[in-house]
Amino acid sequence: MFISIIIHTRNRFKYVSKLIDDILNQDVSNYEIIVVDQSKHPQSIANCKHIITNTLGPCISRNIGVKKAKGDVLVFLDDDARIHSNFIR
């Protein structure tokens, strides 16, 4: 089973970077990270599919992420969430 983790963000690079670090420390590896970025001045985000869009709103950005997702399971996280290393499992 492959998992797509979809994160929407807007002008919160510091928060989303910490969340991506948490995801990269998971005890499983069968996932992809999709960040849909609505920032005014987006910064490069490594270790994910980084989608930059001018549309606004969390629902719209989640739908954009779903269209790009390849996972059997979709996980939606807010950019300021923090997770433990066994969250995906």
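Asparagine 11, to begin with a single residue, is found in the loop between β1 and α1, where strands (E, at least two residues) and helices (H or I, at least four) are DSSP runs numbered from the N terminus. Asparagine 11 has a positive phi of about 60 degrees, although it is not a glycine, and at 45% relative accessibility it counts as partly exposed; that term covers what lies between buried, under 20% relative accessible area, and exposed, over 50%, with a 1.4 Å probe and protein chains only. Asparagine 47, which sits in the loop between β2 and β3, also is not a glycine and has a positive phi, of about 65 degrees, and with 53% relative accessibility it counts as exposed.

Before I go on, please keep in mind that this is a predicted model, in which local features need pLDDT of at least 70 and side-chain atom pairs count only at pLDDT 80 or more, while totals for chains, interfaces and linings use all residues. Residues are numbered from 1 along each chain as its sequence is written, and side-chain values use heavy atoms, with hydrogens and water left out.

Let me turn to strand β1. Because 7 of the 7 residues of β1 are buried, the strand is largely enclosed by the rest of the structure. Both of its faces are covered, with Ile3, Ile5, Ile7 and Thr9 buried on one side and Ser4, Ile6 and His8 buried on the other. β1 and β2 run parallel and are joined by 7 bridges, where two strands count as paired if DSSP finds at least two bridges between them. If you look for isoleucine 5 in this pairing, its bridge partner in β2 is isoleucine 33.

What, then, of the core? In soluble globular proteins, nonpolar side chains tend to be buried together. Here the largest nonpolar core has 17 residues, of which Ile5, Ile7, Ile23, Ile33, Val35 and Leu77 touch the most other members. At least two residues of this core come from each of β1 (3-9), α1 (13-24), β2 (31-37) and β4, and the largest share, 4 residues, is that of α1. By a nonpolar core I mean a set of buried Ala, Val, Leu, Ile, Met, Phe, Trp, Tyr and Cys residues joined through side-chain atoms within 4.5 Å. Valine 35 may serve as an example, since, leaving aside its neighbours within four places in sequence, its contacts (heavy atoms within 4.5 Å) are with Ile7, Thr9, Val16, Ile20, Ile45, Cys48, Lys49, His50 and Ile51.

Helix α1 also holds aspartate 22, a residue that is buried, with a relative accessible area of 11%. Apart from neighbours within four places in sequence, aspartate 22 is in contact with Ala81, Arg82 and Ile83.

How many salt bridges does the structure hold? There are 6, each being a side-chain nitrogen of Lys or Arg within 4 Å of a carboxyl oxygen of Asp or Glu.

In one of them, the side chains of aspartate 80 and arginine 12 meet at 3.2 Å, N to O. This pair links distant parts of the chain, with aspartate 80 in the segment after β4 and arginine 12 in the loop between β1 and α1, 68 residues apart. Aspartate 80 counts as partly exposed at 42% relative accessibility, and arginine 12 is likewise partly exposed, at 28%.

Another salt bridge joins arginine 89 and aspartate 27, whose closest N and O atoms are 2.6 Å apart. Arginine 89 lies in the segment after β4 and aspartate 27 in the loop between α1 and β2, so the pair ties together parts that are 62 residues apart in sequence. Arginine 89 is exposed, with a relative accessible area of 65%, whereas aspartate 27 is partly exposed, with 40%.

Glutamate 32 and lysine 49 form a further salt bridge, with their closest N and O atoms 2.8 Å apart. Glutamate 32 is in strand β2 and lysine 49 in strand β3 (residues 49-52), 17 residues apart. Of this pair, glutamate 32 is buried, with a relative accessible area of 9%, while lysine 49 is partly exposed, with 29%. Salt bridges that share partners also join Arg12, Asp79 and Asp80 into one network.

I will finish at phenylalanine 76, which lies in strand β4 (residues 73-78) and counts as partly exposed, at 40% relative accessibility.
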